[in-house]
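Biologist: I've got a structure to get my head around, and I'd like to talk it through slowly. Can you put it up on the screen?

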Amino acid sequence: MARISLSNELKPYTGGATRLALDVASVRQLFEVLGEQYPDLCPYLETGIAVAIDGEIYQDALLQPIRGDSDVLLFTKIAGG
Amino acid sequence: MSTMVKYEEKPLKVVGTRPIRPDGVDKVTGRARFAADYSLPGQLIGKVLRSPHAHARLKSIDTSAALALPGVKAVVTRDDFADMASEFAASGELTINFRDVTRNMMAREKVFYDGHPVAAVAATSESIARAALKLIKVEYEVLPHVIDVVEAMKADAPILHEQQFTDGVTPKPDKPSNIAKRMVFARGDLEAGFKQADLIIEHEFNTKPVHQGYIEPQACLASYSEDGQVELWTGTQGHFVFRAQCAKVLQMDTGKLRVTPTELGGGFGGKNNIYGEPLAIALSRKSQRPVKMVMTREEVFRATGPTSGANVKVKIGCTKDGRIVAAEAELNFQAGAFAGSSVGMACPCTFTRYDIDNVRVVGHDVTVNRPKVAAYRAPGAPIIVFGVESVIDELAKALAIDPIEFRLKNAAKEGTQTYYGPKLGPIGYIETLTKAKAHPHYRAPLGPNQGRGVATGFWFNIGMETSSRLNVNEDGTVTLIMGTVDVAGGSRASMAMMVAEEFGIAYDRVRPVIGDTNALGFNFITAGSRGTFAGGMAAVLSAREAIGKLRQRVAQIREVALEDVLWKDGVAQPAPGGAKQFAPMTLAEIARMAGKTGGSISGQSEINAQGAGPGFCTHIVDVEVDKQTGAVKILRYTIVQDVGKAIHPAYVEGQMQGAAVQGIGWSLNEEYFYGADGVLQNPGFLDYRVPVASDVPFIDTVIVEVPNPNHPYGVRGCGEVSIIPPIAAISNAINNAVGIRLRNQPMSPPAVLKALGEAASGKTKS
Amino acid sequence: MNELRYEAPKTLKAALALLAGANGSARMLAGGTDLVIQMRSGRIEPELLLDLKSIPEMMTIVSKNGGYRFGAAVSCMDLIEHEAFAKAWPGVIDGIKLIGSIQVKARASVGGNLCNASPAADSVPALIAAGARVSILGPNGKREVPVEEIPIGPGKTSLAPGEIVVSILLPKRPAHSGDAYLRFTPRTEMDIAVVGAGVNLTLDGRGKCRQARVCLGAVADRALLVPEAAAALIGTKVDAAALERLAAAASAACRPIDDKRGTREFRIKVAGVMARRAAELALTRARGN
Amino acid sequence: MAKHRVSATVNGDAVEFLCETQQTLLDVLRDELHLTGTKEGCGTGDCGACSVTVEGRLMCSCLMLGVEAAGKSIQTIEGMAQGEALHPLQRKFLEHAALQCGVCTPGFLIAARSLLERNPDPSEEEVRYGLAGNLCRCTGYHKIVEAVLDAAREMRGA
């Protein structure tokens with residue numbers, strides 16, 4: 001199971017949960033599971049979340065594979081000027 | 001799948017040189033075409049009627065007299081656009097809400113700021129269009145307004161949006177608020193951290209909104225044809241995003257809208273958003289004539305995005321040997337009329353230059369009766385870094401530690417855990433600090449009333465969706481079609497240089513052009529310093545695909561195995577130790593035969609680029625303060641910045657210098673003035689004071705190159721980070737010159753003189 | 001829509017006639033650097049533009065009895081480049097040089113700067129300090145008044161309907177005279193004066209100040225002649241104590257407003273500073289003459 | 001609406017155009033004569049992007065009416081290069097990377113040429129003050145000043 005952490009600013013949408021272990025093989029699967037578990041998180045999963053898998057940051061990368069032993073972190077997406 | 005391309009160190013022939021940009025000659029001869037330079041036969045001129053009120057209910061709009069004026073061909077108001085539900089945009093990837101987008105381009109129930117569009121007309125001449133605006137009768141019910149962020153956050157403030165409840169708060173609030181969102185970023189145990197501190201310094205800082213100040217006002221030309229196909233020429237940082245947004249708000253098929261990005265006369269984040277474009281298309285649809293719209297400078301100031309004004313609080317604790325143990329900040333950012341300021345970007349930038357175990361950053365996104373803010377170069381970061389780097393300076397001074405040394409003791413490096421998410425990869429922050437410390441500027445003598453200040457910056461940089469296509473022409477020249485707009489920094493030159501390097505041919509054999517929305521797949525806006533990073537990655541991959549095809553073609557022509565064909569210096573040649581020798585073929589020779597050997601050769605790539613390397617910089621500035629007038633003169637300025645790899649060093653320096661001078665303007669004299677009626681008092685370049693040439697010295701640049709491991713040439717973004725430190729650096733320098741500590745921007749002569757007066761009379765705030 | 005007419009009369013007489021026929025809907029056009037902006041922004045909507053630049057009297061600089069008379073529509077650049085005039089009245093030139101950019105000065109005129117009646121107009125305090133007068137022509141003939149009598153408030157002048165400011169006259173200067181104008185702006189260039197100070201003084205043979213005029217700009221609803229500030233200099237060697245009294249008198253005379261260009265408090269303080277610095281420069285120039 | 005019929009010389013060519021009274025020289029150059037190299041940045045004389053010379057004198061074309069151009073000789077950016085040969089200032093702007101977005105560039109080039117005609121050997125400070133009527137938001141002016149100083153050096157034959 002991959003170790004999933006949610007960055008602090010996402011707490012209000014998960015009822016305070018920040019750490020879980022999930023059996024998911026891709027970012028898409030991760031988002032699906034999270035969306036079912038935390039409906040308030042859905043709008044952010046759609047547009048506002050970046051993912052770091054084992055330290056590398058991915059934005060808008062639904063097909064990025066997640067391994068069974070991966071550390072995955074969800075945090076706010078980054079934009080710029 | 002997302003894409004990263006690993007950095008390989010190799011000898012370079014083109015990358016790192018300083019050739020002339022492909023758009024250069026056109027720009028020095030007046031031939032370059034910007035949006036306002038386009039015209040079509042039979043075109044009409046579009047003009048916008050704007051609200052004179054900061055906040056009012058829009059009771060009625062009567063356009064009949066305007067429509068009756070000879071020469072007026074169309075008028076549009078809120079009735080011509082569909083309402084949009086609250087929906088955060090998936091198209092374009094900006095987190096924008098279409099309910100707000102449609103209301104910002106044309107007011108519906110209410111006007112939210114002085115300058116908010118209320119109606120638009122298209123007429124056969126500009127003077128007729130202007131006359132028509134005066135004939136539109138609008139009935140307003142003026143409402144109380146709120147301009148200041150702190151005022152807007154109060155419980156009894158006039159509420160802009162009755163349906164806006166603060167997001168990010170539990171339990172969910174039951175009363176509407178101007179606070180659109182609250183966000184908290186944290187790690188460690190803040191209380192425990194501050195308990196370890198020997199010294200804690202805490203202050204509040206305030207900044208005014210400032211405008212990007214691009215010299216080219218927004219302009220566009222739209223042509224709607226009877227079959228529903230639309231062409232749009234516009235100055236934009238992202239034509240695909242403009243297409244997506246226009247199609248959505250006009251409820252038309254994306255495929256029917258072709259957007260051609262013109263030369264862009266400066267953007268800096270301010271040309272990420274649609275303004276007149278959907279109005280021009282709607283007017284063209286109604287009149288069946290092309291419609292051209294060009295904003296005046298006054299319209300630019302009244303109605304397009306500045307960056308946020310803000311109120312921020314910073315508290316930092318450190319041990320007596322200068323190790324930061326806890327840091328806390330509150331960021332209250334004006335979003336303007338609709339939610340969505342850069343506070344979400346500013347929060348993670350607040351302390352990320354430092355390795356701190358205990359951090360808490362709280363951000364508020366606050367709506368006020370001003371134009372909706374837009375991105376401005378490292379959006380939000382300069383505002384909060386002003387506070388943080390000022391407090392850091394005070395801590396260092398209190399402990400009698402050299403300010404660069406203090407930063408080195410706490411500097412983030414590879415592996416540092418950030419409080420907003422990931423650990424940092426390889427970065428060059430420490431290198432910028434050590435090079436700044438060793439720079440002759442740092443030791444140069446200073447005269448009376450002169451002082452030196454230091455500050456540093458961090459910016460993420462981004463990758464995102466990017467596509468490009470590369471055609472090998474019949475004579476072996478290469479045309480590179482890119483989807484990332486060259487927002488003036490010279491990314492076209494950089495891309496061509498990387499492609500030339502890949503092929504092993506001369507720079508001038510590669511012609512880079514920007515493709516319109518019909519030429520390529522979706523590209524994100526050029527923002528987040530992604531142009532040369534992501535666009536470069538796509539261009540390199542396109543080149544590599546084409547080179548693969550060229551080798552394949554030679555293998556077929558020479559009847560050898562593919563692996564026996566080596567591509568080097570623009571020539572397909574036998575691989576050393578290969579099975580079979582053959583006569584080498586140049587790119588030109590292969591290209592000439594291409595038609596008879598299977599058709600032309602091209603390469604393309606559509607990627608979602610990942611692995612952008614964060615950028616760091618350290619600035620040193622010397623100032624002189626006129627104690628009698630409060631005037632601050634910038635005497636000397638040095639930037640040390642890690643850019644990963646400077647593909648075109650002169651254009652990289654240009655980014656650093658331009659950003660720093662924007663930061664100098666922000667620091668000293670740029671601000672918005674509002675009257676008690678909520679009307680902007682200085683919507684022009686006379687009283688919105690951007691620096692002129694005689695206000696600034698030469699800006700010295702030191703380029704540091706710590707390669708980004710996720711880009712084939714090691715590129716990080718370089719366009720934004722150097723706008724971050726100037727406000728703090730200048731404030732720190734003023735403190736060292738005359739002993740006053742300024743915590744409000746701008747540090748204009750009246751503010752400086754007032755602080756000097758207070759200091760002299762002993763009334764100084766700690 | 002009313003049509004905007006344009007006329008460029010060749011004589012003052014023709015100009016007066018056109019003006020009389022326009023019933024107050026005419027605007028005079030010299031450099032146009034204020035007028036064109038006001039028209040484009042819709043703040044004014046004249047029906048007739050009267051271009052004065054084809055009238056010889058409005059466009060010439062002449063030396064007369066040791067003084068100077070220059071047409072109200074002469075461009076700032078023409079005055080700046082008139083070497084003899086610039087040498088005679090360096091303080092007036094200081095003010096003229098600060099009217100906008102080089103581009104703007106190629107068009108802008110002193111007559112326009114005066115008649116636009118901005119309290120911050122840069123040429124006006126210097127002209128008032130210099131004791132300049134204006135020659136006015138109107139339906140009732142010709143009159144001549146001191147410059148300080150023209151502006152009466154922001155955007156308002158004492159000119160009667162149908163009157164034209166034809167030329168500006170500067171008197172002959174006694175020996176050992178010097179003048180200077182300095183202003184404060186947030187930027188080094190391109191700004192409107194937050195405070196301006198013009199000082200004109202004459203020394204006697206032993207270096208004592210025997211005559212002085214001090215005028216401040218942007219600190220009241222019009223340029224302010226400050227006799228108390230001048231009195232602080234007269235009879236002194238313009239030493240540190242006199243300059244201190246001058247600064248105090250200048251600050252005391254201010255009645256400024258708070259606006260986007262500066263605070264009240266700031267203007268009062270800096271008026272003294274600018275007056276002192278202008279007096280120092282005028283003194284240096286007087287000693288050189 | 002009755003229009004004025006105006007004859008003038010632009011970049012050495014005789015031109016004739018029709019304009020309304022309120023149309024500025026800038027409007028006329030861009031919309032009537034289709035010389036779009038001269039840019040509008042502010043319309044109030046504060047940015048210099050519309051700089052041209054009229055009778056050899058540097059001006060903001062946004063502050064002059066088209067009708068006032070009658071009989072005048074006007075030089076715009078389109079007339080700066082001589083055939084294929086760029087003016088030394090144009091070359092130096094390219095070599096020194098003195099332009100980015102390019103909207104201010106025509107105005108800067110016209111203003112710089114005018115400056116060097118009056119002062120062939122300016123100091124850095126004189127260049128900065130001489131070009132203070134032209135705003136640039138991209139470059140921070142550094143490379144523009146370098147390019148003008150270098151062009152002056154070359155034009156003096158130094």
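Biologist: Let's begin with chain C. What is its radius of gyration, and why does that agree with a compact globule?

Modeller: Keep in mind that this is a predicted model. Chain C has 289 residues, and a compact globule with that many would have a radius of gyration near 19 Å. The value for chain C agrees with this, because it comes to 19 Å.

Biologist: And what box do the C-alpha atoms of chain C fill?

Modeller: That box is taken along the principal axes. Its sides are roughly 60 × 45 × 35 Å.

Biologist: How many helices and strands does chain C have, and what percentage of its residues is buried?

Modeller: The secondary structure of chain C comes to 11 helices and 14 strands. For burial, we count over the 289 residues of the chain. The buried part makes up 56%.

Biologist: Now helix 8 of chain C: how many of its residues are buried?

Modeller: This helix runs over residues 123-130 and is mostly covered. Among its buried residues are Val124(C), Leu127(C) and Ile128(C). The count is 8 of 8.

Biologist: Which residue just after helix 8 of chain C takes a positive phi?

Modeller: Look just past the end of that helix. The phi there is about 75°, and the residue is Gly131(C).

Biologist: Which helix gives the most to the largest nonpolar core?

Modeller: That core has 444 residues, and those touching the most other members include Val499(B), Ile734(B) and Ala250(C). Leaving aside neighbours within four places in sequence, Ala250(C) is in contact with Val214(C), Leu216(C) and Ala275(C), among others. The helix that gives the most to the core supplies 12 residues, covers residues 531-558, and is helix 16 of chain B.

Biologist: Over to the contacts between chains. Which element of chain B gives the most to the side that touches chain D?

Modeller: Here 44 residues of chain B are in contact with 41 residues of chain D. Helix 1 and helix 18 of chain B each give two or more residues to that side. The top contributor, with 8 residues, is helix 18 of chain B.

Biologist: And which element of chain A gives the largest share of the side that touches chain B?

Modeller: In this pair, 25 residues of chain A are in contact with 39 residues of chain B. Helix 2, strand 4 and strand 5 of chain A each supply at least two residues of that side. The largest share is 4 residues, and it comes from strand 4 of chain A.

Definitions and conventions: Residues numbered from 1 in each chain as written. Chains lettered and ligands numbered in written order. Predicted model: local features only at pLDDT ≥ 70, side-chain atom pairs only at ≥ 80, totals over all residues. Contact = placed C-beta atoms within 7 Å. Core = buried A, V, L, I, M, F, W, Y, C linked by C-beta atoms within 7 Å. Buried ≥ 20, exposed ≤ 12 C-beta atoms within 10 Å, placed from the backbone. Rg over C-alpha atoms; globule rule 2.2 N^0.38 Å.
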